[in-house]
Each structure stands twice: as structure tokens, then as C-alpha cells.
Amino acid sequence: MIAFLTYKIILVLVIFTITLAVAAYSTYAERKVAAFMQDRIGPDRAGPFGIFQPLADGLKFIYKEEIIPNVSNKLLFIVGPCVAMLTALMAGVLIPWGDTVTIGGIAYSLQIADLNVGILYVFGVVSIGVYGIMIGGWSSNNKFSLLGAIRASAQMISYEIAMGLAIIALILMTGTLSLKEISLQQAGGVGSHWTMWNVVYQPLGFLIFIVCAFAECNRTPFDLPECETELVGGYHTEYSSMKLGFYLFAEYINMFVSSAVISTLYFGGFNFPFMNDLGLTQNWITILGAIALFAKVLFFVFFFMWIRWTIPRFRYDQLMNLGWKGLIPLAILNIGLTGFFTLWLGHK
Amino acid sequence: MLTNRSKVVVKKEMNFWERIYLPAIFGGVAVTIKHMFRRKTTVRFPEAKREISSVWRGQHVLKRDEKGAERCTACGLCAVACPAEAITMTAAERKKGEEGLYREEKYASVYEINMLRCIFCGLCEEACPKEAIFLTDRIVPTDFQRNDFVYGKDKLVEKVNERIDVSVRQTPAVTEFKKHKSLSHNR
């Protein structure tokens with residue numbers, strides 16, 4: 001029992017640290033990617049190639065004066081960023097970073113918790129995430145914040161439907177809600193076994209899912225809750241210092257977690273091509289698999305940024321049109337198609 | 001309508017491929033990824049400075065002759081030529097014993113150029129019959145007060161021991177022209 005607890009605590013700490021580090025360096029990567037796509041160099045003063053920039057940014061956030069508006073609801077004003085940060089970190093618990101590592105005859109799973117309702121838990125936590133934004137925006141007592149918060153809640157609620165429907169099609173196919181089992185079903189990939197990643201069977205579902213993931217993370221082209229040109233800063237207009245930092249940080253953690261979920265659900269999770277043909281032991285395959293998943297996640301984080309610096313922001317009515325009239329009917333169609341093919345071809 | 005360049009706005013319906021956005025998104029994504037590997041245009045400013053054109057016209061200088069006397073005779077042609085009316089001056093008569101300071105009997109006791117008005121067109125330089133004023137490759141620095149942009153003789157006249165080279169901007173044609181001392185402009 002003690003050994004189990006120690007192992008879990010170590011795992012939690014490691015994944016927590018990695019998540020925070022990736023989120024911190026996402027801010028740096030975002031600025032670098034933006035700069036490179038605009039033919040610039042980006043931050044390069046703090047350390048070689050500016051790699052200490054996140055530390056400088058973090059220090060700046062901590063040392064800045066903390067302003068809480070007099071007219072705000074002080075308790076909720078502080079609760080807002082906490083909820084945003086908390087839910088962002090909680091969603092990462094379920095990601096299976098690898099299969100099992102066997103040390104001294106005991107198998108250690110590289111996943112903090114393997115719930116049998118995995119995806120539902122992720123959805124639940126993500127939908128609480130909108131409360132962080134809503135509470136922050138509403139308690140600021142500022143019309144720009146409030147507009148941002150209203151937009152955020154409307155947007156997240158509408159896109160959650162399409163996202164859920166896209167997932168239902170996937171669940172119809174895999175027959176399980178556990179993220180680990182979904183990963184294991186995709187084991188092998190190209191090589192002797194010829195099991196394809198889910199994206200091959202669910203291209204439409206993947207497309208819907210990734211569009212909704214962009215909307216859920218409030219990323220461009222769906223960053224209306226914080227759109228600078230219309231709403232000053234959106235829901236975090238009144239925030240300063242580390243509380244603002246938490247909001248920005250939560251966005252990057254959300255990006256990281258949704259990249260991990262996308263990689264797990266549609267891109268084979270911790271599996272990589274030819275994994276059964278290399279003749280490696282289980283432990284090595286697990287470690288290589290964790291690295292493979294990490295690489296996939298980083299690619300999707302980059303993809304988020306890539307899209308951000310390519311596509312302009314949607315107008316609000318276009319956003320709602322796309323969500324309700326575009327993605328939801330498509331997702332329902334996808335469920336129908338998946339159901340039909342699952343019955344027709346027997347169980348895959 | 002006179003120029004025949006007015007366009008009639010047509011609110012045309014988007015076709016299927018335009019409506020699903022995806023081809024356009026792939027197009028945009030391809031453009032941005034290409035830019036990632038382009039040569040960067042950034043100049044690391046304090047360490048490196050962007051090269052300026054060889055005919056760049058910057059801050060003015062009032063030249064001295066070989067012996068160190070001011071060339072300007074306060075004729076006022078530069079002030080007349082100036083389209084921005086940035087130049088003002090007050091003329092004074094040279095006293096006995098000042099022959100080393102001023103080249104001719106008349107000189108400018110006050111000579112001011114308002115750098116906020118100046119458009120750096122170079123017409124003062126063109127108008128000057130005494131080859132006294134030139135525009136150089138120096139950049140007028142920033143300042144906090146409007147008054148500080150009115151440059152007097154203290155900033156404009158070159159120091160006797162720190163001459164400012166103005167030959168950089170002169171085109172071969174001009175240097176050739178200035179060699180002919182018989183031409184009225186160069187006398």
C-alpha cells in the first residue's frame with residue numbers, strides 16, 4: 001500500500017511538473033512560432049535564443065502589483081483564476097502516458113488513474129473549466145469582462161455538444177470509455193499487425209473533435225472570449241499580476257491536455273509504428289511509447305499555434321452558425337455512419 | 001466613375017468548398033509554414049544597425065572652410081528655398097580680428113533649423129551658393145521637448161577639429177560640376 005502510494009505520488013508530481021513546464025515553455029514557443037511565421041526572430045535576449053524568457057515572464061507576473069477592483073466581488077474575483085487553473089490541471093490526470101513498466105516483478109502503469117468512465121470524466125472537468133472564466137468575468141463588474149464571460153460560456157456550451165457527439169461515434173467503434181483501453185486497441189499500427197489509428201476510421205469525427213477542441217480552449221479562430229480588438233482583454237480585463245498569469249497559464253495547460261486527448265483518442269496514444277517488430281522488451285517499448293506520445297502532443301500544441309497565426313478570428317454569428325448548423329448535424333451524421341458500418345462489417 | 005476604377009460589390013454566395021473552409025485553411029497553413037523557413041528580416045538593433053541608402057539625407061551641418069572659418073554668409077537663400085520654412089537666421093557684420101572665424105564680411109549670428117518642421121528634402125543644400133550647408137548621414141536624435149528640436153549654431157556648425165565628411169552623398173556628376181570654378185554657382 002505504501003509502495004503504491006509513493007509510486008502514485010511520484011507519478012503525480014512528475015506529470016504535474018512536466019505539465020507546468022510544457023505550459024511555461026508553450027508561452028515561449030507561441031512567441032517564437034508567431035515571430036517565425038511573421039519573418040521575425042522573436043524573444044532572444046534572455047539567455048541563448050531567449051530560452052529563459054518564460055522565467056522572466058513568470059517573475060514579472062509575480063512581482064507586478066496586484067489590483068483587485070473595489071467594485072468587484074472580492075471572493076469570486078480570487079476564486080475565478082483558481083478554478084480555471086484547477087480544472088485545467090485536473091483534466092490531465094487520465095492521460096495514459098504509456099503502458100506498464102515492470103520493475104522487480106511489479107507492473108507500474110504510467111497513468112495516474114484509469115477510470116472506466118475516462119472520457120466522461122474529462123468532459124465533466126472541462127465543462128467546469130468554463131466556470132473559472134464565467135466567475136472571473138462576472139465578478140470583475142466590468143462590461144467588457146462580462147461580455148467576454150458570456151461569449152465564453154455560450155461558445156463552450158455549444159461546442160461541447162458537437163464534441164460529445166463526435167466522441168460518441170468513437171465510443172460506438174471502440175466499445176469502451178477508458179482512455180487506456182482505447183490506446184491499447186490501437187496498439188501495433190503499421191507493421192506486422194496492421195491496426196490503424198482511430199483517425200483512419202473516424203476522419204470526420206477527428207475533424208469535428210479538433211475544431212471543438214480549438215473552441216473549448218478559446219484559441220484562435222475561436223478566441224472571442226478574450227478578443228483584444230473588441231473587448232480590451234475579454235474576461236480577464238480587470239486581472240493583473242499572477243491571477244492574470246493563472247488565466248493565461250490555464251489556457252496553455254488546456255492546450256496541452258487537449259493535445260494529449262486528441263493524440264490518445266485519434267492518433268494511437270502511446271503506440272508508434274513498427275513497435276512490435278523491433279524486438280524490444282516491454283519496458284523499452286513503454287518508454288519509447290511515452291516519448292512518442294509526448295512528440296505527438298508537442299506536434300498538436302504546435303498545430304494549435306500554427307492555426308492561431310494563420311486564421312483570422314470568426315465573427316460571433318459565424319461561430320454560432322458553425323457550431324449549431326455545421327458541426328452538430330455533421331456529428332450526428334457521423335454517429336449514423338459509424339453505427340451503420342459497425343453493424344455492416346460486424347465488430348471491427 | 002471618372003477613373004473607371006470603381007468596383008461594383010457583388011455579394012455572391014460561397015460555393016461548397018468555400019463554405020466548408022477547409023481548402024482555404026490548408027492554403028493559409030501552407031503559406032505560414034513556408035514563412036517559418038524564410039530569411040528573417042530582423043536587425044538586432046543596438047548591436048547591428050540597418051544599412052542606410054548612400055544618398056540618405058539626415059541632420060544638417062554648417063561647413064567651415066580649410067582654414068576653419070564659417071562659410072555661411074547669411075544670404076538667406078536656404079531659408080527662401082526651404083519648402084517647410086524650417087530655417088531662420090540673423091545676419092551680422094564681421095568685426096576686425098574675426099577674419100579667422102568668418103570667411104566673408106557678413107555672417108550668420110543666429111542660424112536655426114527646426115528639425116520638427118524640416119522634411120529633409122535637401123533644397124537648402126541645393127540653394128546654397130557658398131557650399132556652407134549640407135545634409136549628412138547622421139540621424140536626428142529623439143528628444144523630450146519641442147524646443148530642443150530647434151537646432152542652433154552650437155549643434156549645426158562643425159567643430160574645427162572634428163570635420164564632418166559630406167562627400168559620401170555627392171554623386172559623381174555633382175563632384176565634377178563643382179570642380180569648374182568658372183561656373184557662377186561655384187565662384
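Helix H12 of chain A bends by about 30° at Leu322(A). The model in which this bend appears is a predicted one. H12(A) covers residues 316–344, 29 residues in all, and its first and last C-alpha atoms are 41 Å apart, close to the 42 Å expected at 1.5 Å a residue. Leu322(A), the site of the bend, is itself buried, as are Leu319(A), Gly323(A), Leu327(A), Ala331(A), Asn334(A) and Thr338(A) of the same helix. These buried residues pack against two helices of chain A, H5 (143–174) and H8 (203–216).

Ala162(A) illustrates the contacts in this part of the chain. Beyond its neighbours within four places in sequence, Ala162(A) touches Ile208(A), Cys212(A), Gly323(A), Leu327(A), Ile328(A) and Ala331(A). Of these partners, Gly323(A), Leu327(A) and Ala331(A) are among the buried residues of H12(A). Ala162(A) also belongs to the largest nonpolar core, which has 85 residues; Ala162(A), Ala166(A), Phe209(A), Cys212(A), Ile253(A), Phe256(A) and Ile262(A) have the most contacts inside that core. The element that gives the most to this core is H10(A), with 15 residues. A second core, separate from the former, has 20 residues, including Ala74(B), Cys78(B), Cys82(B) and Ala108(B).

Helix H5 of chain A also holds Gly164(A). Gly164(A) counts as partly exposed because it has 17 C-beta neighbours inside 10 Å, whereas a buried residue needs 20 or more. The C-alpha atom of Gly164(A) lies 8.0 Å from that of Phe123(A), a residue 41 places away along the chain.

Helix H1 of chain A comprises the 36 residues 2–37; at 1.5 Å a residue it should span 52 Å, and the 50 Å between its end C-alpha atoms agrees with this. H1(A) is kinked by about 25°, with the kink centred on Ser26(A). Ser26(A) is one of the buried residues of H1(A), together with Val22(A), Ala23(A), Tyr28(A), Lys32(A), Val33(A) and Met37(A). The cover over these residues includes elements of both chains: helices H2 (53–63), H10 (241–266) and H11 (282–308) of chain A, and helix H2 (22–36) of chain B. After H1(A) comes Asp39(A), with a positive phi near 60°. The loop between H1 and H2 of chain A contains Phe49(A), a residue other than glycine whose phi is likewise positive, near 55°. Phe49(A) is classed as partly exposed because 14 C-beta neighbours lie inside 10 Å.

Chain A also contains a paired set of strands. Strands E1 (residues 100–103) and E2 (residues 106–109) of chain A run antiparallel and are joined by four bridges. Together E1(A) and E2(A) make a hairpin with two residues between the strands, and Gly104(A) in the turn has a positive phi of about 60°. Within this pair, Ile103(A) is placed opposite Ile106(A) of E2(A).

In chain B, three strands form an open antiparallel sheet in the order E2-E3-E5. Strands E2 (87–93) and E5 (150–151) are its edges, each pairing on one side only. Seven bridges connect E2(B) to strand E3 (residues 106–114) in the antiparallel sense. Along this pairing, Ile87(B) faces Ile113(B) of E3(B), and Ala91(B) faces Ala108(B) of E3(B). Ala108(B) is also one of the residues of the second nonpolar core. On the other pairing, E3(B) and E5(B) are joined by two bridges, again antiparallel. Here Asn114(B) has Val150(B) of E5(B) as its bridge partner.

The loop between E3 and helix H4 (123–127) of chain B contains Phe120(B). Phe120(B) is not a glycine, yet has a positive phi of about 55°. With 16 C-beta neighbours inside 10 Å, Phe120(B) is therefore partly exposed.

The contact between the two chains involves nine residues of chain A and ten residues of chain B. On the side of chain B that touches chain A, three residues are nonpolar, five are polar and two are charged.

Note on methods: Residues numbered from 1 in each chain as written. Chains lettered and ligands numbered in written order. Predicted model: local features only at pLDDT ≥ 70, side-chain atom pairs only at ≥ 80, totals over all residues. Contact = placed C-beta atoms within 7 Å. Nonpolar A, V, L, I, M, F, W, Y, C, P; charged D, E, K, R; others polar. Pairing = 2+ DSSP bridges. Expected span 1.5 Å × (residues − 1). Bend = angle between axes of the 7 residues up to and from the residue. Buried ≥ 20, exposed ≤ 12 C-beta atoms within 10 Å, placed from the backbone. Core = buried A, V, L, I, M, F, W, Y, C linked by C-beta atoms within 7 Å.
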